[in-house]
Structure formats: C-alpha cells, structure tokens
Amino acid sequence: MEHGAGLIRTRELDQENELALGGLPLAGAGPEVRLVTGAVLPRRCPTAHKGMFGRLFILAGCEGYTGAPVLAARAAVRGGAGLVYLGVPREIYPIAAVKCDEAMPFPLPGEYDKIRDKARGCDAALLGPGLGRAPETEERVLRLLGDLDIPVVLDADGINAVSGHIDVLDARRAPTILTPHEGEFQRLTGCALPIADRLSAAREFARAHHCIMVLKGHNTVTAAPDGRAYLNTTGNPGMAKGGSGDVLAGLLAALVGQEQLKGDLAELAAMGVYYHGEAGDRCARRLGEYGMTPGDMVEELPLVLRDHTQ
C-alpha cells in the first residue's frame, strides 16, 4: 500500500487476528480495517539539508510538568525533524533549556501574536504535552487551532482544551491528529468508561469531526475520516507509564512535518504508532517491562527507524 515515498505494510483481519487482539470488538469491521505489520521509510537524499525535514513548533509544559515537553521535543528530534522549536512557559524555561541540546526551547512571549507567528513559520505543530489547564492556556490552544493552516497534532491538554469547544476542531481546514488515551477521549466525547468498542468509537469520531483519531491503548486504533482504520500490532505493558504518550506525540509531529513523507496522513500516523510500539518492545527485551522508561524509548527510536529505512 503506497504512502508517498514510503510504505506501510498491513494485512486483513481474520479470525486468527481477532483472537490475538485482546478482545477488541471487530464484528462488522469490514475491509477498511487493517492490521499494521510493518512500515518502511525512504532513504534521504544525499544533498539534503535540515530545512527539507520540517520545522516543528511545540507548545507544551507548565510548572509541575517539565518532563513532558522535553520528552516530546527529544522524540521529535529522534524522529527526524530538521528543526524543533519548543515553546514553554517562562517559569520552566531554564529547566527545558538545560535538558535540550538539539531542540531549541524558548520562553513563550506574553503576546499571542508572537506565538502565532512563530508557529506559522513552521511546517507542523504539536500542542498539549504537559500544558496544564489554565484558562489562558486553553484559550491559546483554541486560537492557534483557528489561526494555523499547518498540520497540528493535539495531545494531552491540547485535547482537553477542545473538549468543550468541538466547534473549533470542526472549523479547521488543515489536517489535525488527536492522540487521546481513554480518559481524554471520555472528556472529549462524554462516553462511558471503559470504552466497550474502541474501534467503532475512534472511527465514528474521525468521521464526524474530519480528523485523524489515534485512540491509544492495547492495539492502538488509528482512524481516518473516510472510515479506514489501522490496528497496531506493537507495544507492551511496560509502556504504561507517564511520558510514553509525549514520546508518541513528538514522533508523530516529526513525521508529519517532513516533506518527503507527505501523503496519506492516516497511514503516516499509523506508521508512527507502529514505530513507537516497536521502540517500547525493544526496551522491554533489553530492560524489562517494569524498569523501562519513556526516555529509554526515545533512545531506541533511531535504531527502529534505521532498521525500517530502505
């Protein structure tokens, strides 16, 4: 199945697949639902420069949540982004600056227009990791969603910001990827927990709001507005730790911003989910599920991407 210059490998569902998917309801899934079994990245042009691989804007972090923005930024760098700009509140900027070498953290200016213009100069944006839920923060996210015409990945508190303002999401014309866990999805939709049918829930939301829905969990579901969905086959319980989602969000945003990977956004998101899970699986084999950390997963990402480049 072609995806730009890369390739995503999938297979159809059958009874054997269903038994391996941990009880995920698959009745009536149809041919639009497929299992992701692999993904290939294209080799880079020998004469490439950093501008060819995407300028990424990240809005993240608040007091008490200094790890999330750094994990997301590090994952974006490891995911191949050419330039990563990390905007954090002024009070945590010194912490982010010490922890980031390759990414470029900066203290958020007080003027919204300066933040918007910084984001507009980029190829993709990630809004939300560790951002907090202060009213002014949520307002900033909503205004950016309305003002930006670049692809946006919404994670964590970025998703919480639109929970009561779904009209802002519906009004967007540029691509949007949402990456909620079940609790965030419940706040977004008002559904009951646990979600009885995660596959149908993700597909219905993506169709209704014309976005890419990455509903995280066992066999993470990536759903497209046209009804297609991809079920992930990588990952393990060792990834069930705070920070793993920040790594995924940074990786997805990095992939979305790269010109040579542009194409089917749902397939690209499913590829990112697959690579993220494989990084977790490698950590589990090397370190064990109890002791592995999201930071360990970031360090595995370049090895995963190397082994899937051809």
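Modeller: Let's settle one word before anything else: a residue is buried under 20% relative accessible area, exposed over 50% and partly exposed in between, using a 1.4 Å probe and protein chains only. This is a predicted model, so local features need pLDDT of at least 70 and side-chain atom pairs pLDDT 80 or more, while totals for chains, interfaces and linings use all residues. Residues are numbered from 1 along each chain as its sequence is written, and side-chain values use heavy atoms, leaving out hydrogens and water.

Biologist: Okay, why is Phe-57 called buried?

Modeller: Its relative accessible area is 0%, and the cut-off is under 20%, so Phe-57 counts as buried. Phe-106 comes out at 15%, so that one is buried too.

Biologist: How many aromatic pairs does a search of the whole structure find?

Modeller: Three. One of them joins Phe-57 and Phe-106, with 6.4 Å centre to centre and 45 degrees between the planes.

Biologist: What makes that pair tilted?

Modeller: Phe, Tyr and Trp rings (for Trp, the six-membered one) pair if their centres lie within 6.5 Å; planes under 30 degrees apart are stacked, over 60 edge-to-face, and the rest tilted. The 6.4 Å passes and 45 degrees falls among the rest, so the pair is tilted.

Biologist: Which strands hold the two rings?

Modeller: Phe-57 is in strand 4 (residues 55-59) and Phe-106 in strand 6 (residues 104-107), 49 residues apart. Strands here are DSSP runs (E, at least two residues) and helices are too (H or I, at least four), numbered from the N terminus.

Biologist: And why is the pair of Tyr-274 and Tyr-275 called edge-to-face?

Modeller: Their centres are 6.3 Å apart and their planes 70 degrees, which is over 60, so edge-to-face fits. Both Tyr-274 and Tyr-275 are buried.

Biologist: How do you know the charged end of Arg-44 sits over the ring of Phe-53?

Modeller: The rule asks for NZ of Lys or CZ of Arg within 6 Å of the ring centre and within 35 degrees of the ring normal. For Arg-44 the distance is 3.5 Å, so the distance part is met. Arg-143 likewise sits over the ring of Tyr-112, 3.9 Å from its centre.

Biologist: Which residues have the most contacts inside the largest nonpolar core?

Modeller: Ile-58, Leu-86, Ile-177, Ile-212 and Tyr-275, in a core of 53 residues. Helix 11 (residues 265-287) gives the largest share, ten residues. A core is a set of buried Ala, Val, Leu, Ile, Met, Phe, Trp, Tyr and Cys residues joined through side-chain atoms within 4.5 Å.
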